[in-house]
Amino acid sequence: MKIISAKYIFKDGEYINNSAIVFDDSIIEVDTLDNIKMKYPNIEHIEYSKNSIIYPGFINLHTHLEFSANRAKLKLGNFIEWLYSVFEYRDELVAKLDEQTIDSAIEQMKSSGVTTFGAISSFGADMRACRESKLRVIYFNEVIGSSAAMVDALFQDFKLRLDESKSISDDRFYPAIAIHSPYSVHPFLLREVLNIAKKEAMLVTAHFLESKEEREWLEGASGAFKELFKKFFNVDTPVTSIDEFLDAFKDIKTLFTHCTQADKKELDIINQNRGSVIHCPRSNRLLNCGVLDISNVNSLLLGTDGLSSNYSLSILDELKSALFMHTKYPPKELALNLIKSVTINAANATNLNVGNIKQGAFADFAIFELPDDLSDESSGSLALNTIIECRSAKEVYIAGEKI
Ligand code: MCF
Ligand code: FE
(Lines give C-alpha, C1' and ligand atoms only; values in the text may rest on other atoms or scores of the structure.)
(Ligands and ions follow the chains in the order given, each with its own letter.)
Protein backbone atom coordinates (compact mmCIF):
# COMPACT_ATOMS: atom_id res chain seq x y z
CA MET A 1 0.00 0.00 0.00
CA LYS A 2 1.30 3.48 -0.91
CA ILE A 3 0.19 7.10 -0.97
CA ILE A 4 0.49 9.21 -4.11
CA SER A 5 -0.13 12.95 -4.27
CA ALA A 6 0.42 15.94 -6.54
CA LYS A 7 -0.84 19.50 -6.73
CA TYR A 8 -3.93 18.42 -8.68
CA ILE A 9 -5.88 15.19 -9.09
CA PHE A 10 -8.35 14.79 -11.95
CA LYS A 11 -11.33 13.09 -10.29
CA ASP A 12 -14.94 12.75 -11.53
CA GLY A 13 -14.23 15.11 -14.43
CA GLU A 14 -12.75 17.93 -12.36
CA TYR A 15 -9.46 18.99 -10.78
CA ILE A 16 -9.14 18.78 -6.99
CA ASN A 17 -6.38 20.21 -4.78
CA ASN A 18 -4.63 19.19 -1.57
CA SER A 19 -5.64 15.58 -2.00
CA ALA A 20 -3.98 12.20 -2.03
CA ILE A 21 -4.67 8.64 -3.13
CA VAL A 22 -4.01 5.45 -1.16
CA PHE A 23 -3.56 2.47 -3.47
CA ASP A 24 -2.24 -1.04 -3.98
CA ASP A 25 -3.25 -2.51 -7.33
CA SER A 26 -6.55 -0.67 -6.94
CA ILE A 27 -7.48 2.64 -5.36
CA ILE A 28 -8.24 2.20 -1.68
CA GLU A 29 -9.12 5.75 -0.71
CA VAL A 30 -9.07 9.34 -1.97
CA ASP A 31 -9.19 12.12 0.60
CA THR A 32 -7.42 15.33 1.64
CA LEU A 33 -3.68 14.92 2.07
CA ASP A 34 -3.98 15.80 5.76
CA ASN A 35 -6.58 13.12 6.44
CA ILE A 36 -4.68 10.51 4.49
CA LYS A 37 -1.40 11.26 6.30
CA MET A 38 -3.16 11.00 9.65
CA LYS A 39 -4.85 7.75 8.78
CA TYR A 40 -1.82 6.10 7.15
CA PRO A 41 1.21 7.59 8.98
CA ASN A 42 3.69 4.83 8.13
CA ILE A 43 3.28 3.97 4.48
CA GLU A 44 5.43 5.13 1.56
CA HIS A 45 4.38 8.50 0.13
CA ILE A 46 5.18 9.33 -3.50
CA GLU A 47 4.90 13.07 -3.84
CA TYR A 48 4.98 14.72 -7.25
CA SER A 49 6.16 18.28 -7.82
CA LYS A 50 4.01 21.32 -7.31
CA ASN A 51 3.04 21.60 -10.96
CA SER A 52 2.00 18.00 -11.46
CA ILE A 53 -1.40 16.50 -12.15
CA ILE A 54 -2.42 12.92 -11.49
CA TYR A 55 -4.85 11.75 -14.15
CA PRO A 56 -6.47 8.37 -14.40
CA GLY A 57 -4.53 6.62 -17.20
CA PHE A 58 -5.83 7.84 -20.57
CA ILE A 59 -7.94 5.60 -22.80
CA ASN A 60 -7.41 5.38 -26.55
CA LEU A 61 -10.47 3.51 -27.75
CA HIS A 62 -9.64 2.91 -31.39
CA THR A 63 -6.50 1.61 -33.01
CA HIS A 64 -5.47 -1.13 -35.49
CA LEU A 65 -2.15 -2.57 -34.33
CA GLU A 66 -2.02 -5.06 -37.20
CA PHE A 67 -1.32 -2.14 -39.51
CA SER A 68 1.62 -0.89 -37.42
CA ALA A 69 4.18 -1.76 -40.11
CA ASN A 70 2.72 0.96 -42.35
CA ARG A 71 4.57 4.23 -42.76
CA ALA A 72 3.58 5.53 -46.19
CA LYS A 73 2.50 2.46 -48.14
CA LEU A 74 -1.19 3.18 -47.65
CA LYS A 75 -2.31 6.19 -49.65
CA LEU A 76 -3.52 9.15 -47.63
CA GLY A 77 -5.53 12.13 -48.80
CA ASN A 78 -8.66 10.42 -50.09
CA PHE A 79 -10.76 7.71 -48.47
CA ILE A 80 -11.37 5.69 -51.64
CA GLU A 81 -7.73 5.73 -52.73
CA TRP A 82 -6.79 4.68 -49.21
CA LEU A 83 -9.26 1.78 -49.33
CA TYR A 84 -7.88 0.55 -52.68
CA SER A 85 -4.39 0.72 -51.21
CA VAL A 86 -5.53 -1.32 -48.18
CA PHE A 87 -6.74 -4.05 -50.54
CA GLU A 88 -3.46 -3.90 -52.44
CA TYR A 89 -0.99 -3.84 -49.55
CA ARG A 90 -2.81 -5.35 -46.58
CA ASP A 91 -1.18 -8.78 -46.87
CA GLU A 92 2.25 -7.28 -47.34
CA LEU A 93 1.83 -5.08 -44.26
CA VAL A 94 0.63 -7.94 -42.08
CA ALA A 95 3.52 -10.12 -43.31
CA LYS A 96 5.95 -7.38 -42.24
CA LEU A 97 4.42 -7.20 -38.78
CA ASP A 98 6.56 -8.52 -35.95
CA GLU A 99 6.32 -8.36 -32.20
CA GLN A 100 8.78 -5.49 -31.95
CA THR A 101 6.72 -3.34 -34.33
CA ILE A 102 3.59 -3.89 -32.25
CA ASP A 103 5.45 -3.33 -28.99
CA SER A 104 6.83 -0.01 -30.16
CA ALA A 105 3.34 1.08 -31.25
CA ILE A 106 2.06 0.23 -27.77
CA GLU A 107 5.03 2.05 -26.22
CA GLN A 108 4.08 5.22 -28.14
CA MET A 109 0.63 5.07 -26.58
CA LYS A 110 2.04 4.49 -23.11
CA SER A 111 4.45 7.42 -23.36
CA SER A 112 1.49 9.68 -24.03
CA GLY A 113 -0.26 8.56 -20.82
CA VAL A 114 -2.44 5.78 -22.22
CA THR A 115 -3.01 2.81 -19.90
CA THR A 116 -6.01 1.24 -21.68
CA PHE A 117 -6.57 0.92 -25.41
CA GLY A 118 -9.08 -0.61 -27.79
CA ALA A 119 -7.43 -2.69 -30.52
CA ILE A 120 -9.46 -3.63 -33.58
CA SER A 121 -8.05 -6.95 -34.72
CA SER A 122 -8.88 -8.19 -38.20
CA PHE A 123 -6.77 -11.36 -38.19
CA GLY A 124 -5.73 -12.13 -34.62
CA ALA A 125 -2.10 -11.41 -35.53
CA ASP A 126 -1.75 -8.96 -32.65
CA MET A 127 -3.40 -11.14 -30.00
CA ARG A 128 -0.25 -12.41 -28.24
CA ALA A 129 1.44 -9.01 -28.19
CA CYS A 130 -1.70 -7.42 -26.75
CA ARG A 131 -2.02 -10.16 -24.15
CA GLU A 132 1.59 -9.79 -23.11
CA SER A 133 1.49 -6.00 -22.97
CA LYS A 134 1.39 -4.38 -19.54
CA LEU A 135 -1.35 -2.04 -20.72
CA ARG A 136 -4.99 -2.96 -20.48
CA VAL A 137 -6.49 -3.95 -23.81
CA ILE A 138 -10.05 -4.15 -25.08
CA TYR A 139 -9.46 -6.65 -27.84
CA PHE A 140 -12.10 -6.07 -30.51
CA ASN A 141 -12.26 -9.15 -32.76
CA GLU A 142 -13.38 -7.80 -36.11
CA VAL A 143 -16.04 -9.37 -38.29
CA ILE A 144 -16.07 -8.30 -41.93
CA GLY A 145 -17.56 -9.67 -45.15
CA SER A 146 -20.52 -8.68 -47.29
CA SER A 147 -20.73 -11.61 -49.68
CA ALA A 148 -23.48 -14.14 -48.85
CA ALA A 149 -21.37 -17.01 -50.19
CA MET A 150 -18.59 -16.28 -47.69
CA VAL A 151 -20.72 -15.66 -44.62
CA ASP A 152 -20.41 -19.12 -43.04
CA ALA A 153 -16.65 -19.33 -43.42
CA LEU A 154 -16.19 -15.79 -42.10
CA PHE A 155 -18.43 -16.48 -39.12
CA GLN A 156 -16.45 -19.62 -38.26
CA ASP A 157 -13.16 -17.74 -38.53
CA PHE A 158 -14.52 -14.95 -36.33
CA LYS A 159 -15.70 -17.42 -33.68
CA LEU A 160 -12.30 -19.12 -33.57
CA ARG A 161 -10.56 -15.80 -32.95
CA LEU A 162 -13.17 -14.75 -30.41
CA ASP A 163 -12.85 -18.05 -28.53
CA GLU A 164 -9.09 -17.83 -28.49
CA SER A 165 -9.26 -14.31 -27.08
CA LYS A 166 -11.81 -15.44 -24.49
CA SER A 167 -9.53 -18.25 -23.36
CA ILE A 168 -6.78 -15.78 -22.43
CA SER A 169 -8.90 -13.02 -20.92
CA ASP A 170 -8.06 -11.43 -17.59
CA ASP A 171 -8.25 -7.98 -16.05
CA ARG A 172 -5.76 -6.60 -18.58
CA PHE A 173 -7.24 -8.27 -21.66
CA TYR A 174 -10.94 -7.93 -22.42
CA PRO A 175 -12.29 -9.84 -25.43
CA ALA A 176 -14.79 -7.76 -27.39
CA ILE A 177 -16.40 -7.45 -30.82
CA ALA A 178 -15.90 -5.12 -33.80
CA ILE A 179 -18.43 -4.96 -36.60
CA HIS A 180 -16.37 -3.47 -39.42
CA SER A 181 -19.03 -1.20 -40.99
CA PRO A 182 -22.52 -1.03 -42.55
CA TYR A 183 -21.09 -1.43 -46.05
CA SER A 184 -18.89 -4.43 -45.36
CA VAL A 185 -20.85 -6.76 -43.05
CA HIS A 186 -23.65 -9.01 -44.29
CA PRO A 187 -26.89 -8.75 -42.24
CA PHE A 188 -26.66 -12.44 -41.32
CA LEU A 189 -23.18 -11.97 -39.87
CA LEU A 190 -24.32 -8.80 -38.13
CA ARG A 191 -27.27 -10.54 -36.49
CA GLU A 192 -25.33 -13.63 -35.39
CA VAL A 193 -22.41 -11.67 -34.03
CA LEU A 194 -24.60 -9.19 -32.16
CA ASN A 195 -26.46 -12.14 -30.61
CA ILE A 196 -23.14 -13.36 -29.21
CA ALA A 197 -22.38 -9.85 -27.94
CA LYS A 198 -25.72 -9.70 -26.13
CA LYS A 199 -25.49 -13.18 -24.69
CA GLU A 200 -21.97 -12.67 -23.40
CA ALA A 201 -22.34 -8.99 -22.49
CA MET A 202 -19.37 -8.01 -24.62
CA LEU A 203 -18.39 -4.54 -25.70
CA VAL A 204 -19.19 -3.74 -29.33
CA THR A 205 -17.67 -1.20 -31.70
CA ALA A 206 -18.35 -0.36 -35.37
CA HIS A 207 -16.98 2.05 -37.98
CA PHE A 208 -19.98 4.14 -39.01
CA LEU A 209 -20.57 6.81 -41.68
CA GLU A 210 -16.93 7.70 -42.10
CA SER A 211 -16.89 9.00 -45.70
CA LYS A 212 -19.25 10.75 -48.11
CA GLU A 213 -18.84 7.78 -50.43
CA GLU A 214 -20.11 5.43 -47.71
CA ARG A 215 -23.30 7.47 -47.34
CA GLU A 216 -23.81 7.71 -51.12
CA TRP A 217 -23.50 3.95 -51.42
CA LEU A 218 -25.78 3.12 -48.49
CA GLU A 219 -28.42 5.66 -49.53
CA GLY A 220 -28.38 5.39 -53.31
CA ALA A 221 -26.17 2.45 -54.37
CA SER A 222 -24.08 5.05 -56.14
CA GLY A 223 -20.78 6.93 -55.95
CA ALA A 224 -17.21 5.64 -55.83
CA PHE A 225 -18.13 2.55 -53.77
CA LYS A 226 -20.14 1.31 -56.77
CA GLU A 227 -17.05 0.68 -58.88
CA LEU A 228 -15.11 -0.70 -55.93
CA PHE A 229 -17.82 -3.21 -54.98
CA LYS A 230 -18.27 -4.24 -58.61
CA LYS A 231 -14.56 -4.77 -59.08
CA PHE A 232 -13.80 -6.68 -55.87
CA PHE A 233 -17.09 -8.37 -55.00
CA ASN A 234 -19.20 -8.25 -58.19
CA VAL A 235 -21.98 -6.54 -56.26
CA ASP A 236 -24.31 -3.70 -57.36
CA THR A 237 -26.23 -2.85 -54.21
CA PRO A 238 -25.41 -2.35 -50.53
CA VAL A 239 -26.22 -5.12 -48.04
CA THR A 240 -28.04 -2.80 -45.66
CA SER A 241 -29.38 0.72 -45.20
CA ILE A 242 -28.26 3.23 -42.60
CA ASP A 243 -31.49 2.87 -40.60
CA GLU A 244 -31.47 -0.93 -40.72
CA PHE A 245 -27.89 -0.99 -39.55
CA LEU A 246 -28.51 1.36 -36.63
CA ASP A 247 -31.63 -0.54 -35.70
CA ALA A 248 -29.61 -3.73 -35.17
CA PHE A 249 -27.78 -1.99 -32.29
CA LYS A 250 -30.81 -0.60 -30.51
CA ASP A 251 -30.35 -2.58 -27.32
CA ILE A 252 -26.56 -2.72 -27.30
CA LYS A 253 -24.52 0.16 -25.91
CA THR A 254 -22.18 0.50 -28.91
CA LEU A 255 -19.04 2.54 -29.56
CA PHE A 256 -19.47 3.98 -33.07
CA THR A 257 -16.25 5.16 -34.68
CA HIS A 258 -15.84 8.22 -36.95
CA CYS A 259 -19.49 9.28 -37.70
CA THR A 260 -18.02 12.21 -39.64
CA GLN A 261 -20.87 11.98 -42.15
CA ALA A 262 -23.63 11.23 -39.63
CA ASP A 263 -26.38 13.84 -39.35
CA LYS A 264 -28.22 15.02 -36.23
CA LYS A 265 -30.93 12.39 -36.62
CA GLU A 266 -28.44 9.53 -36.71
CA LEU A 267 -26.39 10.91 -33.85
CA ASP A 268 -29.59 11.30 -31.83
CA ILE A 269 -30.42 7.62 -32.35
CA ILE A 270 -26.96 6.74 -31.04
CA ASN A 271 -27.49 9.07 -28.05
CA GLN A 272 -30.91 7.59 -27.29
CA ASN A 273 -29.46 4.08 -27.32
CA ARG A 274 -26.81 5.23 -24.82
CA GLY A 275 -24.15 4.70 -27.46
CA SER A 276 -20.93 6.68 -27.83
CA VAL A 277 -18.89 8.12 -30.66
CA ILE A 278 -15.16 7.51 -30.95
CA HIS A 279 -13.69 10.56 -32.61
CA CYS A 280 -10.50 10.05 -34.67
CA PRO A 281 -9.77 13.58 -35.92
CA ARG A 282 -6.36 13.00 -37.50
CA SER A 283 -7.44 9.89 -39.40
CA ASN A 284 -10.55 11.73 -40.59
CA ARG A 285 -8.44 14.65 -41.81
CA LEU A 286 -5.86 12.46 -43.52
CA LEU A 287 -8.54 10.45 -45.35
CA ASN A 288 -10.45 13.66 -46.17
CA CYS A 289 -13.58 12.42 -44.42
CA GLY A 290 -14.77 15.69 -42.91
CA VAL A 291 -15.19 16.79 -39.30
CA LEU A 292 -17.42 15.12 -36.71
CA ASP A 293 -20.19 17.38 -35.40
CA ILE A 294 -19.31 17.00 -31.73
CA SER A 295 -22.15 19.31 -30.66
CA ASN A 296 -24.62 16.49 -31.36
CA VAL A 297 -22.68 13.78 -29.51
CA ASN A 298 -23.62 13.02 -25.88
CA SER A 299 -20.78 10.65 -25.10
CA LEU A 300 -17.62 11.71 -26.90
CA LEU A 301 -14.60 9.39 -26.89
CA LEU A 302 -11.25 9.68 -28.64
CA GLY A 303 -9.07 7.33 -30.67
CA THR A 304 -5.92 7.59 -32.71
CA ASP A 305 -7.01 4.98 -35.26
CA GLY A 306 -4.14 2.82 -36.54
CA LEU A 307 -0.85 3.72 -38.18
CA SER A 308 -2.80 2.76 -41.29
CA SER A 309 -4.31 6.25 -41.31
CA ASN A 310 -2.23 8.23 -38.85
CA TYR A 311 1.40 9.19 -38.21
CA SER A 312 1.54 8.49 -34.47
CA LEU A 313 -0.39 6.70 -31.76
CA SER A 314 0.16 9.46 -29.19
CA ILE A 315 -3.14 10.39 -27.58
CA LEU A 316 -1.61 13.80 -26.78
CA ASP A 317 -1.10 14.42 -30.51
CA GLU A 318 -4.74 13.41 -31.04
CA LEU A 319 -6.00 15.72 -28.29
CA LYS A 320 -4.02 18.57 -29.83
CA SER A 321 -5.49 18.01 -33.29
CA ALA A 322 -9.02 17.85 -31.89
CA LEU A 323 -8.41 21.08 -30.00
CA PHE A 324 -7.38 22.91 -33.16
CA MET A 325 -10.05 21.36 -35.37
CA HIS A 326 -13.21 22.37 -33.50
CA THR A 327 -12.78 26.11 -33.69
CA LYS A 328 -16.34 26.99 -32.74
CA TYR A 329 -15.69 26.06 -29.10
CA PRO A 330 -13.71 28.23 -26.68
CA PRO A 331 -10.33 26.49 -26.15
CA LYS A 332 -10.58 25.98 -22.39
CA GLU A 333 -14.08 24.49 -22.50
CA LEU A 334 -13.15 22.20 -25.41
CA ALA A 335 -9.89 21.12 -23.73
CA LEU A 336 -11.75 20.03 -20.59
CA ASN A 337 -14.27 18.08 -22.67
CA LEU A 338 -11.46 16.40 -24.57
CA ILE A 339 -9.72 15.37 -21.35
CA LYS A 340 -13.05 13.86 -20.26
CA SER A 341 -13.29 12.00 -23.58
CA VAL A 342 -10.13 10.02 -22.74
CA THR A 343 -11.02 9.45 -19.07
CA ILE A 344 -14.44 9.61 -17.44
CA ASN A 345 -16.47 9.34 -20.68
CA ALA A 346 -14.47 6.27 -21.67
CA ALA A 347 -15.04 4.78 -18.22
CA ASN A 348 -18.80 5.25 -18.56
CA ALA A 349 -18.92 3.93 -22.13
CA THR A 350 -16.93 0.77 -21.45
CA ASN A 351 -18.03 -0.02 -17.88
CA LEU A 352 -14.44 -1.00 -17.10
CA ASN A 353 -12.91 -0.10 -13.77
CA VAL A 354 -10.63 2.50 -15.37
CA GLY A 355 -10.77 6.14 -16.42
CA ASN A 356 -11.54 7.64 -13.03
CA ILE A 357 -9.84 8.10 -9.70
CA LYS A 358 -12.21 6.64 -7.18
CA GLN A 359 -12.26 3.94 -4.58
CA GLY A 360 -12.25 0.47 -6.15
CA ALA A 361 -10.96 1.57 -9.58
CA PHE A 362 -7.68 0.12 -10.85
CA ALA A 363 -4.65 2.13 -9.75
CA ASP A 364 -3.85 3.24 -13.32
CA PHE A 365 -2.37 6.75 -13.33
CA ALA A 366 -0.74 9.12 -15.80
CA ILE A 367 1.24 11.92 -14.21
CA PHE A 368 1.83 15.10 -16.19
CA GLU A 369 3.95 18.11 -15.31
CA LEU A 370 2.76 21.60 -16.27
CA PRO A 371 4.97 24.69 -16.71
CA ASP A 372 6.07 26.13 -13.38
CA ASP A 373 4.85 29.64 -14.19
CA LEU A 374 1.22 28.63 -14.77
CA SER A 375 -0.95 31.46 -13.43
CA ASP A 376 -4.46 30.48 -14.55
CA GLU A 377 -5.46 27.54 -12.37
CA SER A 378 -9.01 27.19 -13.67
CA SER A 379 -10.07 23.69 -14.81
CA GLY A 380 -10.15 24.76 -18.44
CA SER A 381 -6.64 26.16 -18.22
CA LEU A 382 -5.26 23.00 -16.57
CA ALA A 383 -6.82 20.90 -19.32
CA LEU A 384 -5.64 23.24 -22.06
CA ASN A 385 -2.09 23.38 -20.74
CA THR A 386 -1.96 19.61 -20.37
CA ILE A 387 -2.85 19.32 -24.05
CA ILE A 388 -0.58 22.02 -25.44
CA GLU A 389 2.41 21.86 -23.09
CA CYS A 390 2.91 18.16 -22.46
CA ARG A 391 4.76 16.06 -25.03
CA SER A 392 4.63 12.93 -22.89
CA ALA A 393 3.53 11.67 -19.50
CA LYS A 394 6.10 12.04 -16.74
CA GLU A 395 5.17 8.67 -15.26
CA VAL A 396 2.61 5.94 -15.92
CA TYR A 397 1.25 3.43 -13.37
CA ILE A 398 -0.81 0.37 -14.11
CA ALA A 399 -2.30 -1.68 -11.29
CA GLY A 400 -0.26 0.42 -8.88
CA GLU A 401 3.05 -0.32 -10.57
CA LYS A 402 5.26 2.17 -12.36
CA ILE A 403 5.78 0.86 -15.89
O1 MCF B 1 -10.55 3.34 -39.22
C2 MCF B 1 -9.78 3.25 -40.39
C3 MCF B 1 -10.61 3.69 -41.56
N4 MCF B 1 -11.85 2.97 -41.70
C5 MCF B 1 -11.96 1.63 -41.83
N6 MCF B 1 -11.11 0.68 -41.55
C7 MCF B 1 -9.88 0.73 -41.07
C8 MCF B 1 -9.22 1.87 -40.57
N9 MCF B 1 -7.97 1.54 -40.29
C10 MCF B 1 -7.82 0.26 -40.56
N11 MCF B 1 -8.96 -0.26 -41.01
C12 MCF B 1 -9.08 -1.68 -41.40
C13 MCF B 1 -10.38 -2.32 -41.08
O14 MCF B 1 -10.40 -2.82 -39.78
O15 MCF B 1 -8.93 -1.75 -42.79
C16 MCF B 1 -9.71 -2.77 -43.31
C17 MCF B 1 -10.51 -3.36 -42.14
O18 MCF B 1 -10.00 -4.58 -41.75
C19 MCF B 1 -10.52 -2.11 -44.34
S20 MCF B 1 -11.58 -3.13 -45.07
C21 MCF B 1 -12.45 -2.72 -46.29
FE1 FE C 1 -10.54 2.15 -37.68
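# A walk through the helices and a few single residues

Start by selecting helix α15 (residues 379-389), where Gly-380, Ser-381, Leu-382, Ala-383, Leu-384, Asn-385, Thr-386 and Ile-387 are buried (under 20% relative accessible area, with exposed meaning over 50% and partly exposed in between, for a 1.4 Å probe and protein chains only). Bear in mind that this is a predicted model, in which local features need pLDDT of at least 70, side-chain atom pairs count only at pLDDT 80 or more, and totals for chains, interfaces and linings use all residues. Residues are numbered from 1 along each chain as its sequence is written, chains are lettered from A and ligands numbered from 1 in the order in which they are written, and side-chain values use heavy atoms, leaving out hydrogens and water. Helix and strand labels follow DSSP runs numbered from the N terminus (H or I of at least four residues for helices, E of at least two for strands).

**Stop 1: around α15**

Stay on α15, which is mostly covered, with eight of its eleven residues buried. Now show its surroundings: the cover over those buried residues includes strands β2 (8-11), β3 (14-17), β7 (52-56) and β16 (365-369), together with α12 and α13 (331-341).

Of these neighbours, pick α12 (residues 315-325), whose axis comes within 8 Å of that of α15 and crosses it at roughly 115°. Such axes are lines fitted to C-alpha atoms, for helices over the stretch in contact, and the angles run from 0 to 180 degrees between N-to-C directions. On the α12 side, select Leu-316, Leu-319, Lys-320 and Leu-323; on the α15 side, Leu-384, Thr-386, Ile-387 and Ile-388 complete the contact (heavy atoms within 4.5 Å). Coloured by class, these residues come out as six nonpolar, one polar and one charged. Here Ala, Val, Leu, Ile, Met, Phe, Trp, Tyr, Cys and Pro count as nonpolar, Asp, Glu, Lys and Arg as charged, and the others, Gly among them, as polar. The crossing of α12 past α15 is left-handed (the near helix is turned anticlockwise from the far one by less than a right angle; clockwise would be right-handed).

**Stop 2: α5 against α6**

Next, select α5 (residues 151-167) and α6 (residues 187-199), which pack at an angle of about 25° with their axes 10 Å apart. The two are therefore roughly parallel to each other (angles under 35 degrees, while over 145 is roughly antiparallel, 65 to 115 roughly perpendicular and the rest oblique). α5 passes α6 in a right-handed crossing. Show the side chains of Val-151, Asp-152, Leu-154, Phe-155, Phe-158, Lys-159 and Leu-162 in α5, and you will find them meeting Phe-188, Leu-189, Glu-192, Val-193 and Ile-196 in α6. That contact has nine nonpolar and three charged residues, and no polar ones.

**Stop 3: α2 against α8**

Move on to α2 (residues 79-96) and α8, whose axes come within 11 Å and cross at roughly 15°. That makes this pair roughly parallel as well. From α2, bring up Phe-79, Ile-80, Leu-83, Tyr-84 and Phe-87; from α8, bring up Ala-224, Phe-225, Glu-227, Leu-228, Lys-231, Phe-232 and Phe-233. The contact divides into ten nonpolar, no polar and two charged residues.

Then step into the loop between α8 (224-233) and α9, where Asn-234 sits. Its phi is near 50°, a positive value in a residue other than glycine. Asn-234 counts as exposed, at 57% relative accessibility.

**Stop 4: looking down α10**

Select α10 (residues 264-272), whose buried residues are Glu-266, Leu-267, Ile-270 and Asn-271. Turn the view to look down the axis: these residues fall within an arc of 145°, so they line one face of the helix (the arc is taken over directions from the helix axis to the C-beta atoms). Their cover includes β12 (204-208), α7 (212-220), α9 (242-247), β13 (254-258) and β14 (276-279). Gln-272, also in α10, counts as exposed at 63% relative accessibility.

**Stop 5: a buried serine**

Finish at Ser-121, in strand β9 (residues 114-121). Is Ser-121 buried or exposed? Ser-121 is buried, with a relative accessible area of 0%. Leaving aside residues up to four places away in sequence, Ser-121 touches Glu-66, Asp-126, Tyr-139, Phe-140, Asn-141, Glu-142 and Arg-161.
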